[in-house]
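User: I should like a close look at the charged pairs that hold parts of this chain together, explained for a first-year student. Please define each term as it arises.

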Amino acid sequence: MKRSKKEIAARREALAEWIRDKGYQPVQELARRFDISVITMRRDLIALENERRITRTHGGALVDTSLRFSVFGERISVNREAKRRIALQAVKQLQAGMSIYMDAGSTVYGVAQEIQQCELKNVRIMTPSIPIAELLAGVSGIHVFLTGGHVLAKQSCLVGELSEVSISQWDFDIALLGAEGIDDTGLWNSDKGLVRQHRNIIRNADRIVYCLDPSKSNQSGPFFICRWDPGFVLISGA
């Protein structure tokens with residue numbers, strides 16, 4: 001049945017609000033939600049993108065990350081107990097003399113808080129996270145290095161070509177990473193620059209440890225990082 005222009009406009013308005021509230025959404029899921037064909041949904045998404053209300057990605061859509069992503073300070077208090085359990089497990093992976101990469105994100109920040117109490121000696125830590133660098137810079141026995149790059153304000157981290165170049169010049173004993181989500185296909189994140197960082201780190205670290213609170217399970221995201229490797233370690237706080 002052919003829809004009127006008014007009905008189509010109302011559906012697209014509801015669609016834009018749904019994506020804004022939920023974040024990244026796959027096309028198939030949106031089509032089921034709004035009871036239309038995938039072809040019609042793609043047409044709606046193209047229209048909304050032309051109006052600069054959303055960004056289409058491969059297989060889905062999202063609003064501007066800067067609009068939907070809460071600031072770093074707000075995310076620290078979310079799932080606090082699970083993040084502390086993750087941190088307590090993660091620090092057991094660390095030893096004196098290591099070169100460590102610490103990802104940006106509130107869960108890995110929790111690991112940094114536990115590192116303050118560990119008295120690790122002669123440890124080098126590289127991070128794109130401004131809060132982690134500030135937290136650990138004055139801790140005895142820890143030498144902190146920030147990657148270069150431009151600032152993502154809400155994530156309080158550095159990304160970009162300079163960041164990738166500095167990462168590629170290191171060989172890490174271990175990398176502590178976060179992600180937007182993990183599902184049967186693999187790992188996902190919310191920013192293309194962060195995805196490039198992760199792929200670079202995976203090539204340059206002997207041991208990869210993902211620190212993901214339980215809310216990230218069975219979740220996808222706008223940008224695919226990689227498939228899960230059996231050599232990776234997952235710490236979920238469960």
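Analyst: The account below begins with the salt bridges and then turns to a pocket, a helix and a few single residues.

This is a predicted model, in which local features need pLDDT of at least 70 and side-chain atom pairs count only at pLDDT 80 or more, while totals for chains, interfaces and linings use all residues. Residues are numbered from 1 along each chain as its sequence is written, and side-chain values use heavy atoms, with hydrogens and water left out.

Side chains of opposite charge can pair when their charged atoms come close. A salt bridge is defined here as a side-chain nitrogen of Lys or Arg within 4 Å of a carboxyl oxygen of Asp or Glu. The structure holds four salt bridges. One of them is formed by the side chains of Arg-11 and Asp-44, with 2.7 Å from N to O. This pair links distant parts of the chain, for Arg-11 belongs to helix H1 (residues 5-22) and Asp-44 to helix H3 (residues 38-50), 33 residues apart. Helices (H or I, at least four residues) and strands (E, at least two) are DSSP runs, numbered from the N terminus.

Asp-44 also forms a salt bridge with Arg-12, and again the closest N and O atoms are 2.7 Å apart. Because Asp-44 lies in helix H3 and Arg-12 in helix H1, this pair ties together parts that are 32 residues apart in sequence. To describe the surroundings of these residues, one uses relative accessible area: buried means under 20%, exposed over 50%, and partly exposed in between (1.4 Å probe, protein chains only). Both Arg-11 and Asp-44 are buried; the relative accessibility of Asp-44 is 0%. Arg-12, at 21%, counts as partly exposed.

A further salt bridge joins the side chains of Arg-84 and Glu-114, at 2.3 Å from N to O. Here too distant parts of the chain are linked: Arg-84 is in helix H6 (residues 80-90) and Glu-114 in helix H7 (residues 106-115), 30 residues apart. Arg-84 is partly exposed, with a relative accessible area of 42%, whereas Glu-114 is buried at 14%. Elsewhere, salt bridges that share partners join Arg-11, Arg-12 and Asp-44 into one network.

Arg-84 also appears at a pocket. On a 1 Å grid over the protein atoms alone, a pocket is an open set of points where a 1.4 Å probe fits, with protein on both sides within 12 Å along at least five of seven lines; lining residues have an atom within 4 Å of a point. The second largest pocket is lined by ten residues, and Arg-80, Lys-83, Arg-84, Gly-110 and Gln-113 lie nearest its centre. Its volume is about 170 Å³, a volume being the space filled by probe spheres set on the grid points, which are joined across faces, edges and corners. H6 and H7 each supply at least two residues of this lining, and the largest share, five residues, comes from H6. By class, the lining of this pocket has two nonpolar, three polar and five charged residues. In this scheme Ala, Val, Leu, Ile, Met, Phe, Trp, Tyr, Cys and Pro count as nonpolar, Asp, Glu, Lys and Arg as charged, and the others, Gly among them, as polar.

Helix H10 offers a further view. H10 has 13 residues and reaches 19 Å from its first C-alpha to its last, close to the 18 Å expected at 1.5 Å a residue; the expected span is 1.5 Å times one less than the number of residues. Among the buried residues of H10 are Leu-194, Val-195, His-198 and Ile-201. Arg-203 has its place in H10 (residues 192-204) but counts as exposed, at 62% relative accessibility. The C-alpha atoms of Arg-203 and Asp-171 are separated by 9.1 Å, although these residues are 32 residues apart along the chain.

Two loop residues complete the picture. Asp-35, in the loop between helix H2 (27-34) and H3, has a phi near 55 degrees, a positive value in a residue other than glycine. Asp-35 counts as exposed at 70% relative accessibility. Asn-218 is found in the loop between strand S12 (208-211) and strand S13 (223-226). Asn-218 has a positive phi of about 60 degrees although it is not a glycine, and at 66% relative accessibility Asn-218 counts as exposed.
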